[in-house]
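Let's take a look at this protein together, one part at a time. Have the 3D view open as you read.

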Amino acid sequence: MHHFHYIRKRLFCEAVAVESLVQKHGTPLYVYSQRTLTEHFQRLDRAFAPLDHQICFAVKSNGNLCVLRALANLGSGFDIVSGGELRRVLAAGADPRRCVFAGVGKTGAEIEFALRRGVCYFNVESVPELERLNRIAARLNKVAPVAVRVNPNVEAFTHAKITTGTYANKFGIAFEQVEAVYDLAAKMKNLRLRGLQMHIGSQLTRVSPFAKAVRKVLPLARRLAEKYELEFFNIGGGLGIVYQPALASGPENWWKTPAAKDILTPERYGADLAPLLEPLGLKILLEPGRFIVGNAGILVTRVEYVKRTGKKTFVIVDAAMNDLIRPAFYDAYHEIIPLTRKNGAALKTDVVGGVCESGDYFCKNRPLPKVVEGDYLALMSAGAYGFVMASNYNARPLAAEVLVNGNQSAVARQRQPVEAIWSGEKLAPWLK
Ligand code: LLP
(Lines give C-alpha, C1' and ligand atoms only; values in the text may rest on other atoms or scores of the structure.)
Protein backbone atom coordinates (compact mmCIF):
# COMPACT_ATOMS: atom_id res chain seq x y z
CA MET A 1 0.00 0.00 0.00
CA HIS A 2 1.35 3.41 -0.90
CA HIS A 3 0.44 6.78 -2.32
CA PHE A 4 2.38 6.80 -5.57
CA HIS A 5 -0.06 6.51 -8.45
CA TYR A 6 -0.70 7.68 -11.98
CA ILE A 7 -3.19 10.42 -12.62
CA ARG A 8 -3.76 10.92 -16.34
CA LYS A 9 -0.48 9.15 -17.18
CA ARG A 10 1.63 11.24 -14.79
CA LEU A 11 3.08 9.77 -11.63
CA PHE A 12 1.97 11.52 -8.46
CA CYS A 13 3.18 11.27 -4.91
CA GLU A 14 -0.01 11.97 -2.99
CA ALA A 15 -1.26 15.20 -4.63
CA VAL A 16 2.10 16.30 -6.06
CA ALA A 17 3.27 15.49 -9.61
CA VAL A 18 6.67 13.87 -9.23
CA GLU A 19 7.91 15.59 -12.38
CA SER A 20 7.33 18.99 -10.76
CA LEU A 21 9.65 17.92 -7.94
CA VAL A 22 12.29 16.80 -10.42
CA GLN A 23 12.11 20.13 -12.22
CA LYS A 24 12.65 21.94 -8.95
CA HIS A 25 15.22 19.71 -7.29
CA GLY A 26 16.90 17.73 -10.09
CA THR A 27 17.86 14.05 -10.07
CA PRO A 28 18.73 11.61 -8.57
CA LEU A 29 15.98 12.45 -6.11
CA TYR A 30 14.46 10.50 -3.24
CA VAL A 31 10.78 11.32 -2.75
CA TYR A 32 8.94 10.22 0.41
CA SER A 33 5.20 10.11 1.02
CA GLN A 34 4.36 11.11 4.60
CA ARG A 35 0.84 9.76 4.27
CA THR A 36 2.18 6.33 3.34
CA LEU A 37 4.50 6.07 6.31
CA THR A 38 1.83 7.44 8.62
CA GLU A 39 -0.67 4.85 7.47
CA HIS A 40 1.85 2.04 7.81
CA PHE A 41 2.69 3.12 11.34
CA GLN A 42 -0.97 3.33 12.27
CA ARG A 43 -1.84 -0.03 10.69
CA LEU A 44 0.83 -1.80 12.68
CA ASP A 45 -0.07 0.11 15.82
CA ARG A 46 -3.71 -0.95 15.42
CA ALA A 47 -2.73 -4.57 14.82
CA PHE A 48 -1.10 -4.63 18.26
CA ALA A 49 -3.80 -2.57 19.98
CA PRO A 50 -4.93 -5.52 22.14
CA LEU A 51 -1.50 -5.49 23.80
CA ASP A 52 0.39 -2.91 25.80
CA HIS A 53 3.00 -2.13 23.13
CA GLN A 54 5.41 0.44 21.70
CA ILE A 55 6.68 0.70 18.12
CA CYS A 56 10.35 1.66 17.97
CA PHE A 57 11.10 2.58 14.35
CA ALA A 58 14.44 1.17 13.11
CA VAL A 59 16.39 4.33 12.29
CA LYS A 60 18.86 2.32 10.21
CA SER A 61 16.21 1.91 7.51
CA ASN A 62 15.72 5.65 6.98
CA GLY A 63 17.28 8.24 9.26
CA ASN A 64 16.10 11.42 7.56
CA LEU A 65 15.15 13.99 10.20
CA CYS A 66 11.75 14.61 8.57
CA VAL A 67 10.94 10.90 8.64
CA LEU A 68 12.03 10.61 12.28
CA ARG A 69 10.07 13.68 13.32
CA ALA A 70 6.93 12.59 11.47
CA LEU A 71 7.10 9.23 13.26
CA ALA A 72 7.91 10.78 16.65
CA ASN A 73 4.80 12.96 16.22
CA LEU A 74 2.78 9.77 15.79
CA GLY A 75 4.15 8.41 19.07
CA SER A 76 6.92 6.23 17.71
CA GLY A 77 10.02 5.34 19.68
CA PHE A 78 13.28 4.45 17.94
CA ASP A 79 15.58 1.48 17.54
CA ILE A 80 19.11 2.88 17.20
CA VAL A 81 22.40 1.13 16.51
CA SER A 82 25.01 3.85 16.95
CA GLY A 83 25.81 7.09 18.68
CA GLY A 84 25.23 8.74 15.32
CA GLU A 85 21.68 7.43 15.15
CA LEU A 86 21.02 8.66 18.69
CA ARG A 87 22.27 12.09 17.63
CA ARG A 88 19.95 11.97 14.61
CA VAL A 89 16.97 11.19 16.83
CA LEU A 90 17.93 14.09 19.10
CA ALA A 91 18.41 16.38 16.10
CA ALA A 92 14.89 15.46 14.99
CA GLY A 93 13.64 16.68 18.35
CA ALA A 94 12.54 13.23 19.54
CA ASP A 95 12.77 11.79 23.03
CA PRO A 96 15.87 9.70 23.86
CA ARG A 97 13.88 7.93 26.58
CA ARG A 98 12.02 6.21 23.78
CA CYS A 99 15.21 4.87 22.18
CA VAL A 100 16.36 1.28 22.43
CA PHE A 101 20.06 0.91 21.68
CA ALA A 102 21.08 -2.27 19.81
CA GLY A 103 24.14 -3.51 17.93
CA VAL A 104 27.00 -5.96 18.50
CA GLY A 105 29.77 -3.35 18.47
CA LYS A 106 28.81 -0.46 20.74
CA THR A 107 31.93 1.53 21.61
CA GLY A 108 32.66 2.89 25.08
CA ALA A 109 32.01 6.43 23.86
CA GLU A 110 28.65 5.44 22.38
CA ILE A 111 27.60 3.69 25.58
CA GLU A 112 28.59 6.69 27.69
CA PHE A 113 26.71 9.10 25.44
CA ALA A 114 23.57 6.92 25.49
CA LEU A 115 23.74 6.55 29.28
CA ARG A 116 24.09 10.30 29.76
CA ARG A 117 21.17 10.95 27.42
CA GLY A 118 19.04 8.41 29.25
CA VAL A 119 18.00 5.95 26.53
CA CYS A 120 15.20 3.56 27.43
CA TYR A 121 17.56 0.59 27.56
CA PHE A 122 20.42 -1.28 25.84
CA ASN A 123 19.91 -4.44 23.79
CA VAL A 124 23.03 -6.30 24.84
CA GLU A 125 24.54 -8.85 22.49
CA SER A 126 27.46 -10.38 24.44
CA VAL A 127 28.92 -10.94 27.91
CA PRO A 128 31.90 -8.62 27.29
CA GLU A 129 29.39 -5.91 26.34
CA LEU A 130 27.50 -6.45 29.63
CA GLU A 131 30.76 -6.10 31.51
CA ARG A 132 31.70 -2.94 29.63
CA LEU A 133 28.27 -1.45 30.17
CA ASN A 134 28.44 -2.22 33.90
CA ARG A 135 31.91 -0.64 34.17
CA ILE A 136 30.91 2.54 32.35
CA ALA A 137 27.65 2.87 34.30
CA ALA A 138 29.61 2.49 37.58
CA ARG A 139 32.05 5.21 36.54
CA LEU A 140 29.16 7.55 35.74
CA ASN A 141 27.36 6.58 38.91
CA LYS A 142 24.39 5.34 36.92
CA VAL A 143 22.38 2.15 36.55
CA ALA A 144 22.16 0.93 32.96
CA PRO A 145 18.81 -0.50 31.84
CA VAL A 146 19.39 -3.73 29.95
CA ALA A 147 17.76 -6.41 27.82
CA VAL A 148 19.69 -9.34 26.40
CA ARG A 149 19.20 -10.22 22.76
CA VAL A 150 18.37 -13.88 22.46
CA ASN A 151 19.32 -15.69 19.28
CA PRO A 152 16.54 -18.28 18.97
CA ASN A 153 18.26 -20.21 16.16
CA VAL A 154 15.21 -20.10 13.89
CA GLU A 155 15.46 -19.98 10.12
CA ALA A 156 13.76 -16.83 8.79
CA PHE A 157 13.60 -17.78 5.10
CA THR A 158 14.99 -14.54 3.81
CA HIS A 159 18.11 -13.37 1.97
CA ALA A 160 21.31 -14.76 3.54
CA LYS A 161 22.73 -11.28 4.09
CA ILE A 162 19.74 -10.17 6.19
CA THR A 163 18.98 -13.26 8.24
CA THR A 164 20.06 -12.79 11.84
CA GLY A 165 18.41 -15.36 14.08
CA THR A 166 20.50 -18.48 13.57
CA TYR A 167 23.78 -19.58 15.13
CA ALA A 168 25.55 -18.87 11.86
CA ASN A 169 24.98 -15.16 12.56
CA LYS A 170 26.95 -12.85 14.84
CA PHE A 171 23.84 -11.54 16.59
CA GLY A 172 22.55 -12.10 20.10
CA ILE A 173 23.30 -14.77 22.69
CA ALA A 174 22.54 -18.41 21.97
CA PHE A 175 19.15 -19.47 23.29
CA GLU A 176 20.64 -22.13 25.58
CA GLN A 177 23.04 -19.66 27.22
CA VAL A 178 20.64 -16.81 27.89
CA GLU A 179 19.49 -17.83 31.36
CA ALA A 180 23.04 -18.10 32.65
CA VAL A 181 23.80 -14.70 31.17
CA TYR A 182 20.85 -13.14 33.06
CA ASP A 183 22.12 -14.75 36.27
CA LEU A 184 25.51 -13.22 35.60
CA ALA A 185 24.09 -9.81 34.69
CA ALA A 186 21.92 -9.78 37.82
CA LYS A 187 25.12 -9.81 39.88
CA MET A 188 26.48 -6.71 38.13
CA LYS A 189 25.67 -3.82 40.42
CA ASN A 190 25.22 -1.12 37.84
CA LEU A 191 22.87 -2.99 35.52
CA ARG A 192 19.13 -3.28 35.79
CA LEU A 193 17.50 -6.11 33.84
CA ARG A 194 14.39 -4.75 32.17
CA GLY A 195 13.51 -7.00 29.27
CA LEU A 196 14.35 -9.58 26.65
CA GLN A 197 14.84 -8.94 22.95
CA MET A 198 15.05 -10.90 19.70
CA HIS A 199 15.14 -10.18 15.96
CA ILE A 200 15.36 -13.01 13.46
CA GLY A 201 15.83 -11.22 10.17
CA SER A 202 14.57 -8.68 7.70
CA GLN A 203 12.16 -8.75 4.74
CA LEU A 204 10.24 -11.72 6.15
CA THR A 205 7.19 -12.42 4.07
CA ARG A 206 5.59 -15.16 6.17
CA VAL A 207 4.32 -15.09 9.69
CA SER A 208 5.43 -18.63 10.56
CA PRO A 209 9.10 -17.93 11.39
CA PHE A 210 7.99 -15.11 13.72
CA ALA A 211 5.47 -17.37 15.42
CA LYS A 212 8.00 -20.18 15.67
CA ALA A 213 10.60 -17.91 17.27
CA VAL A 214 8.05 -16.40 19.68
CA ARG A 215 6.79 -19.86 20.68
CA LYS A 216 10.33 -21.04 21.28
CA VAL A 217 11.34 -18.02 23.37
CA LEU A 218 8.10 -17.62 25.37
CA PRO A 219 8.82 -20.12 28.17
CA LEU A 220 12.25 -18.56 28.64
CA ALA A 221 10.72 -15.06 28.66
CA ARG A 222 8.18 -16.20 31.28
CA ARG A 223 10.86 -17.64 33.58
CA LEU A 224 13.11 -14.60 33.25
CA ALA A 225 10.22 -12.17 33.67
CA GLU A 226 9.24 -13.82 36.95
CA LYS A 227 12.74 -14.13 38.28
CA TYR A 228 13.91 -10.64 37.38
CA GLU A 229 10.67 -8.68 37.19
CA LEU A 230 11.18 -7.84 33.54
CA GLU A 231 8.94 -5.19 32.00
CA PHE A 232 9.00 -5.92 28.29
CA PHE A 233 9.63 -8.39 25.50
CA ASN A 234 11.00 -6.88 22.29
CA ILE A 235 10.15 -9.03 19.26
CA GLY A 236 12.31 -7.05 16.82
CA GLY A 237 11.48 -5.94 13.31
CA GLY A 238 11.55 -7.75 10.00
CA LEU A 239 8.09 -7.43 8.47
CA GLY A 240 8.57 -7.65 4.74
CA ILE A 241 6.97 -5.53 2.04
CA VAL A 242 5.88 -6.17 -1.54
CA TYR A 243 8.58 -5.02 -3.92
CA GLN A 244 6.93 -6.59 -6.92
CA PRO A 245 4.55 -5.53 -8.44
CA ALA A 246 3.66 -2.54 -6.30
CA LEU A 247 1.28 -0.92 -8.74
CA ALA A 248 -0.08 -4.01 -10.53
CA SER A 249 -3.57 -4.10 -9.10
CA GLY A 250 -3.91 -0.63 -7.72
CA PRO A 251 -2.11 0.75 -4.72
CA GLU A 252 -4.82 -0.30 -2.29
CA ASN A 253 -4.87 -3.95 -3.26
CA TRP A 254 -1.33 -5.16 -3.54
CA TRP A 255 -1.64 -7.78 -0.85
CA LYS A 256 -4.71 -9.31 -2.48
CA THR A 257 -3.03 -10.12 -5.80
CA PRO A 258 -2.57 -13.88 -6.23
CA ALA A 259 1.22 -13.62 -6.38
CA ALA A 260 1.19 -11.84 -3.06
CA LYS A 261 -1.49 -13.80 -1.24
CA ASP A 262 1.00 -15.40 1.10
CA ILE A 263 2.37 -12.04 2.06
CA LEU A 264 2.53 -11.23 5.71
CA THR A 265 0.30 -8.28 6.54
CA PRO A 266 0.52 -6.36 9.80
CA GLU A 267 -3.01 -7.53 10.57
CA ARG A 268 -2.02 -11.17 10.25
CA TYR A 269 1.19 -10.55 12.14
CA GLY A 270 -0.77 -8.98 15.01
CA ALA A 271 -3.56 -11.56 14.91
CA ASP A 272 -1.15 -14.51 15.04
CA LEU A 273 1.26 -13.12 17.60
CA ALA A 274 -0.97 -11.21 20.01
CA PRO A 275 -2.69 -14.32 21.45
CA LEU A 276 0.73 -15.91 22.04
CA LEU A 277 2.14 -12.81 23.67
CA GLU A 278 -0.81 -11.66 25.73
CA PRO A 279 -0.54 -14.21 28.58
CA LEU A 280 3.04 -13.10 29.15
CA GLY A 281 1.72 -9.83 30.55
CA LEU A 282 4.77 -7.83 29.43
CA LYS A 283 4.86 -4.70 27.34
CA ILE A 284 5.62 -5.69 23.72
CA LEU A 285 8.16 -3.68 21.77
CA LEU A 286 8.45 -3.81 17.98
CA GLU A 287 11.33 -2.58 15.82
CA PRO A 288 9.99 -2.27 12.27
CA GLY A 289 11.92 -0.31 9.67
CA ARG A 290 11.18 -1.46 6.16
CA PHE A 291 7.46 -2.01 6.73
CA ILE A 292 7.00 1.63 7.75
CA VAL A 293 9.12 3.38 5.12
CA GLY A 294 9.95 0.87 2.37
CA ASN A 295 7.02 1.59 0.10
CA ALA A 296 6.87 5.21 1.24
CA GLY A 297 9.87 6.25 -0.87
CA ILE A 298 11.00 6.24 -4.49
CA LEU A 299 14.25 7.16 -6.19
CA VAL A 300 13.74 9.23 -9.33
CA THR A 301 16.40 9.18 -12.01
CA ARG A 302 16.91 10.65 -15.49
CA VAL A 303 17.70 8.63 -18.59
CA GLU A 304 21.06 9.82 -19.85
CA TYR A 305 21.73 7.40 -22.69
CA VAL A 306 20.06 4.50 -24.42
CA LYS A 307 22.70 2.16 -25.75
CA ARG A 308 22.17 -0.94 -27.87
CA THR A 309 25.14 -3.21 -28.01
CA GLY A 310 25.43 -6.88 -28.88
CA LYS A 311 22.03 -8.27 -28.07
CA LYS A 312 21.22 -5.94 -25.23
CA THR A 313 19.56 -2.62 -24.59
CA PHE A 314 21.12 -0.62 -21.78
CA VAL A 315 19.32 2.34 -20.34
CA ILE A 316 21.97 4.37 -18.56
CA VAL A 317 20.54 6.61 -15.85
CA ASP A 318 21.94 9.31 -13.58
CA ALA A 319 21.36 7.32 -10.36
CA ALA A 320 23.71 4.46 -9.63
CA MET A 321 24.67 1.82 -7.09
CA ASN A 322 26.06 4.55 -4.85
CA ASP A 323 22.51 5.97 -4.54
CA LEU A 324 20.66 2.65 -4.16
CA ILE A 325 22.87 -0.36 -3.58
CA ARG A 326 20.16 -2.98 -2.95
CA PRO A 327 20.07 -4.49 -6.48
CA ALA A 328 23.88 -4.72 -6.64
CA PHE A 329 24.29 -5.97 -3.08
CA TYR A 330 21.32 -8.31 -2.59
CA ASP A 331 20.10 -8.81 -6.15
CA ALA A 332 17.04 -6.98 -4.87
CA TYR A 333 14.08 -6.25 -7.11
CA HIS A 334 12.82 -2.68 -7.38
CA GLU A 335 9.98 -2.01 -9.72
CA ILE A 336 10.91 0.59 -12.36
CA ILE A 337 8.25 2.80 -13.90
CA PRO A 338 8.37 5.95 -16.02
CA LEU A 339 7.14 9.24 -14.57
CA THR A 340 5.01 9.56 -17.68
CA ARG A 341 3.15 6.36 -18.41
CA LYS A 342 4.00 4.93 -21.82
CA ASN A 343 2.09 2.78 -24.24
CA GLY A 344 3.68 0.39 -26.68
CA ALA A 345 5.56 -2.87 -26.59
CA ALA A 346 7.89 -3.69 -23.73
CA LEU A 347 11.55 -4.11 -24.51
CA LYS A 348 13.98 -6.28 -22.55
CA THR A 349 16.16 -3.73 -20.85
CA ASP A 350 19.05 -3.42 -18.41
CA VAL A 351 18.75 -0.22 -16.41
CA VAL A 352 22.23 0.67 -15.20
CA GLY A 353 24.08 3.48 -13.46
CA GLY A 354 27.23 5.23 -14.54
CA VAL A 355 29.55 3.71 -11.92
CA CYS A 356 32.48 1.74 -13.26
CA GLU A 357 31.35 -1.67 -12.01
CA SER A 358 29.41 -4.39 -13.81
CA GLY A 359 27.43 -4.83 -10.60
CA ASP A 360 26.04 -1.31 -11.01
CA TYR A 361 22.60 -2.19 -12.31
CA PHE A 362 18.99 -1.67 -11.21
CA CYS A 363 17.51 -4.46 -13.35
CA LYS A 364 18.57 -6.94 -15.98
CA ASN A 365 16.62 -8.15 -19.02
CA ARG A 366 13.42 -6.69 -17.65
CA PRO A 367 10.58 -5.91 -20.04
CA LEU A 368 10.15 -2.14 -19.81
CA PRO A 369 8.46 0.46 -21.98
CA LYS A 370 10.77 2.08 -24.50
CA VAL A 371 12.42 5.19 -23.08
CA VAL A 372 14.57 7.93 -24.56
CA GLU A 373 17.17 10.33 -23.26
CA GLY A 374 15.59 12.88 -20.93
CA ASP A 375 12.81 10.58 -19.70
CA TYR A 376 12.51 10.07 -15.98
CA LEU A 377 12.17 6.73 -14.23
CA ALA A 378 11.08 5.93 -10.68
CA LEU A 379 12.69 3.10 -8.73
CA MET A 380 9.87 2.06 -6.45
CA SER A 381 9.98 0.93 -2.82
CA ALA A 382 13.27 2.68 -2.17
CA GLY A 383 12.27 4.29 1.13
CA ALA A 384 14.03 1.73 3.33
CA TYR A 385 17.74 0.96 3.10
CA GLY A 386 17.98 3.35 0.13
CA PHE A 387 19.47 6.72 0.97
CA VAL A 388 20.93 5.44 4.26
CA MET A 389 23.17 3.01 2.37
CA ALA A 390 24.31 5.59 -0.19
CA SER A 391 27.98 6.41 -0.64
CA ASN A 392 30.21 8.83 -2.48
CA TYR A 393 31.75 6.12 -4.65
CA ASN A 394 33.11 7.57 -7.90
CA ALA A 395 32.95 11.01 -6.19
CA ARG A 396 29.21 11.14 -6.77
CA PRO A 397 27.39 13.53 -4.41
CA LEU A 398 24.59 12.18 -2.22
CA ALA A 399 21.13 12.66 -3.73
CA ALA A 400 18.56 15.15 -2.47
CA GLU A 401 15.51 14.00 -0.49
CA VAL A 402 12.03 15.51 -0.58
CA LEU A 403 9.08 14.92 1.72
CA VAL A 404 5.54 15.15 0.37
CA ASN A 405 2.45 15.59 2.51
CA GLY A 406 -0.82 16.00 0.59
CA ASN A 407 -0.19 18.84 -1.83
CA GLN A 408 2.83 20.16 0.05
CA SER A 409 6.46 19.27 -0.50
CA ALA A 410 9.65 20.23 1.30
CA VAL A 411 13.35 19.55 0.84
CA ALA A 412 14.18 17.00 3.51
CA ARG A 413 17.84 17.05 2.58
CA GLN A 414 19.58 19.22 0.06
CA ARG A 415 21.72 17.67 -2.64
CA GLN A 416 25.29 17.31 -1.36
CA PRO A 417 27.58 19.94 -2.92
CA VAL A 418 30.33 18.08 -4.75
CA GLU A 419 33.11 19.86 -2.78
CA ALA A 420 31.62 18.47 0.45
CA ILE A 421 32.82 15.03 -0.65
CA TRP A 422 36.46 15.93 0.01
CA SER A 423 35.98 18.76 2.48
CA GLY A 424 37.47 16.69 5.32
CA GLU A 425 40.59 15.85 3.34
CA LYS A 426 43.90 17.73 3.59
CA LEU A 427 47.12 17.59 1.63
CA ALA A 428 49.95 16.16 3.75
CA PRO A 429 52.56 18.90 4.39
CA TRP A 430 55.24 17.11 2.38
CA LEU A 431 53.04 17.07 -0.68
CA LYS A 432 52.62 20.82 -0.86
N1 LLP B 1 15.89 -4.67 14.68
C2 LLP B 1 17.12 -5.17 14.47
C3 LLP B 1 17.88 -5.68 15.60
C4 LLP B 1 17.65 -5.21 13.16
O5 LLP B 1 18.85 -5.73 12.96
C6 LLP B 1 16.89 -4.70 12.08
C7 LLP B 1 17.41 -4.69 10.72
C8 LLP B 1 15.61 -4.16 12.37
C9 LLP B 1 15.14 -4.18 13.67
C10 LLP B 1 14.72 -3.61 11.30
O11 LLP B 1 14.38 -4.58 10.38
P12 LLP B 1 13.25 -4.30 9.29
O13 LLP B 1 11.93 -4.15 10.00
O14 LLP B 1 13.61 -3.08 8.54
O15 LLP B 1 13.30 -5.51 8.43
N16 LLP B 1 19.99 -3.41 4.26
C17 LLP B 1 19.11 -4.58 4.18
C18 LLP B 1 18.33 -4.78 5.46
C19 LLP B 1 19.20 -4.88 6.69
C20 LLP B 1 18.41 -5.09 7.96
C21 LLP B 1 19.27 -4.95 9.15
N22 LLP B 1 18.59 -5.08 10.41
C23 LLP B 1 18.20 -4.43 2.97
O24 LLP B 1 18.36 -3.47 2.23
O25 LLP B 1 17.38 -5.28 2.70
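## Who touches the ligand

Start with Glu287: an N or O atom in its side chain sits 2.7 Å from a nitrogen atom of the ligand. Keep in mind that this is a predicted model, so treat the distances here as values computed from that prediction.

Two other residues are worth finding on screen. Ser202 puts a polar side-chain atom 2.4 Å from an oxygen atom of the ligand. Arg290 joins in with its backbone instead: one of its backbone N or O atoms lies 2.8 Å from a ligand oxygen. How much of the ligand's accessible area does the protein cover? On its own the ligand has 590 Å² of it, and the protein covers 92%.

## The shell around the ligand

Zoom out a little and you can count 18 residues surrounding the ligand. Ser202 and Glu287 are back again among the closest, along with Arg326, Tyr330 and Tyr385.

What kinds of residues make up this shell? It splits into 6 nonpolar, 6 polar and 6 charged ones.

## Two domains, one ligand

Now for the protein as a whole. It's divided into domain 1, covering 34–289, and domain 2, covering 295–422. Measure from centre to centre over the C-alpha atoms and you get 31 Å between them. Both domains take part in the ligand's shell, each giving at least three residues.

## Where the domains meet

Domain 1 and domain 2 also touch each other: 23 residues of domain 1 are in contact with 21 residues of domain 2. Together they bury about 2000 Å², with 55% of that on carbon and sulfur atoms.

What about polar contacts and salt bridges across this interface? There are 5 residue pairs in polar contact between the two domains, while the number of salt bridges found is 0.

Conventions
Residues are numbered from 1 along each chain as its sequence is written. This is a predicted model: local features need pLDDT of at least 70, side-chain atom pairs count only at pLDDT 80 or more; totals for chains, interfaces and linings use all residues. Side-chain values use heavy atoms; hydrogens and water are left out. A residue is near a molecule or strand if one of its heavy atoms lies within 4 Å of it. A polar contact is a pair of N or O atoms within 3.5 Å; within protein, one must be able to donate a hydrogen and the other to accept it, and residues adjacent in sequence count only if both atoms are side-chain atoms. Accessible areas come from the Shrake-Rupley method with a 1.4 Å probe; for residues, only the protein chains shown count as cover. Ala, Val, Leu, Ile, Met, Phe, Trp, Tyr, Cys and Pro count as nonpolar, Asp, Glu, Lys and Arg as charged, and the others, Gly among them, as polar. Domain bounds come from an automatic or database domain assignment. Contact means heavy atoms within 4.5 Å. Buried area is the accessible area (1.4 Å probe) that two parts lose on being put together, summed over both. A salt bridge is a side-chain nitrogen of Lys or Arg within 4 Å of a carboxyl oxygen of Asp or Glu.
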